[in-house]
Amino acid sequence: MCNGATLFDDPENGGGLQLLSIEEILEDYQYIDYPSDWFPIGYGYDGCRLIIAPAPERKGYLYWLDNGGSLDDPFGFLNLTFEKWFDYFIVAQGSKFWEWTCDFNR
């Protein structure tokens with residue numbers, strides 16, 4: 001129900017995530033050659049991107065592109081839906097919970 005948002009903004013420590021507006025999503029396409037059915041939905045953590053990346057063989061469709069990373073990296077897939085990722089992100093208070101060592105797909 002909104003067109004972009006900033007979550008857990010911490011300028012001193014570089015934390016936070018910016019969910020993109022429609023205009024920002026379209027602008028990002030000018031800088032990265034995404035596969036045709038992928039689109040960025042957020043920026044955070046030193047230029048990293050959160051991307052909707054449909055993959056039928058996976059349990060979820062989110063992809064985390066590290067700054068300087070490659071769209072071909074299979075480890076970028078989070079195997080989470082946006083809804084589940086967002087719930088965990090809020091509970092983790094903006095931490096990169098997907099880098100913790102546990103199984104979120106139970």
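Partly exposed, on this tour, is the label for a residue whose relative accessible area lies between the buried range, under 20%, and the exposed range, over 50%. Keep in mind that you are looking at a predicted model.

**Stop 1: F8.** Select F8, which sits in strand β1 (residues 5–10). With a relative accessible area of 34%, F8 is partly exposed. Now check its backbone: phi is positive here, about 55°, even though F8 is not a glycine.

**Stop 2: Q93.** Jump to the segment after α2 (82–91), where you'll find Q93. Q93 is another non-glycine residue with a positive phi of about 55°. Is Q93 buried or exposed? Exposed, because its relative accessibility is 62%, and the cut-off for that label is over 50%.

**Stop 3: S21.** Next, pick S21 in the loop between β2 (15–19) and α1 (22–28). S21 has a relative accessible area of 8%, so it counts as buried. Show what surrounds it: beyond its neighbours within four places in sequence, S21 is in contact with N3 and G4.

**Stop 4: the largest pocket.** Keep N3 and G4 selected, since both belong to the lining of the largest pocket. Add C2, L19, L20, I25, F39, I41 and F82 to complete that lining. The volume of this pocket is about 160 Å³. What kinds of residues make up the lining? Seven are nonpolar, two are polar and none is charged.

**Stop 5: strands β4 and β5.** Select residues 48–52 for β4 and bring in β5; the two run antiparallel and are joined by four bridges. For one of the pairings, look at L50, whose bridge partner in β5 is W64. In a regular strand, side chains alternate between the two faces of the sheet. Turn β5 (residues 62–65) to view each face: L62 and W64 are on one side, Y63 and L65 on the other, and all of them are buried.

**Stop 6: the cores.** Nonpolar side chains tend to be buried together in soluble globular proteins. The largest nonpolar core here has 16 residues, and L78 and W85 touch the most other members. At least two residues of this core come from each of β2, β4, β5 and α2, with β4 giving the largest share, three residues. Center on W85 and show what it touches, leaving out residues up to four places away in sequence: L17, L50, L62, L78, L80, F97 and W98. Apart from this core there is another, of 10 residues, including I32, Y63, L65 and L71.

Definitions and conventions:
Residues numbered from 1 in each chain as written. Predicted model: local features only at pLDDT ≥ 70, side-chain atom pairs only at ≥ 80, totals over all residues. Heavy atoms only, no water. Buried < 20%, exposed > 50% of the residue type's maximum accessible area, 1.4 Å probe, protein only. Contact = heavy atoms within 4.5 Å. Pairing = 2+ DSSP bridges. 1 Å grid on protein atoms, 1.4 Å probe; cavity = no way out; pocket = protein on both sides within 12 Å on 5 of 7 lines; lining within 4 Å. Points joined across faces, edges and corners; volume = space filled by probe spheres on them. Nonpolar A, V, L, I, M, F, W, Y, C, P; charged D, E, K, R; others polar. Core = buried A, V, L, I, M, F, W, Y, C linked by side-chain atoms within 4.5 Å.
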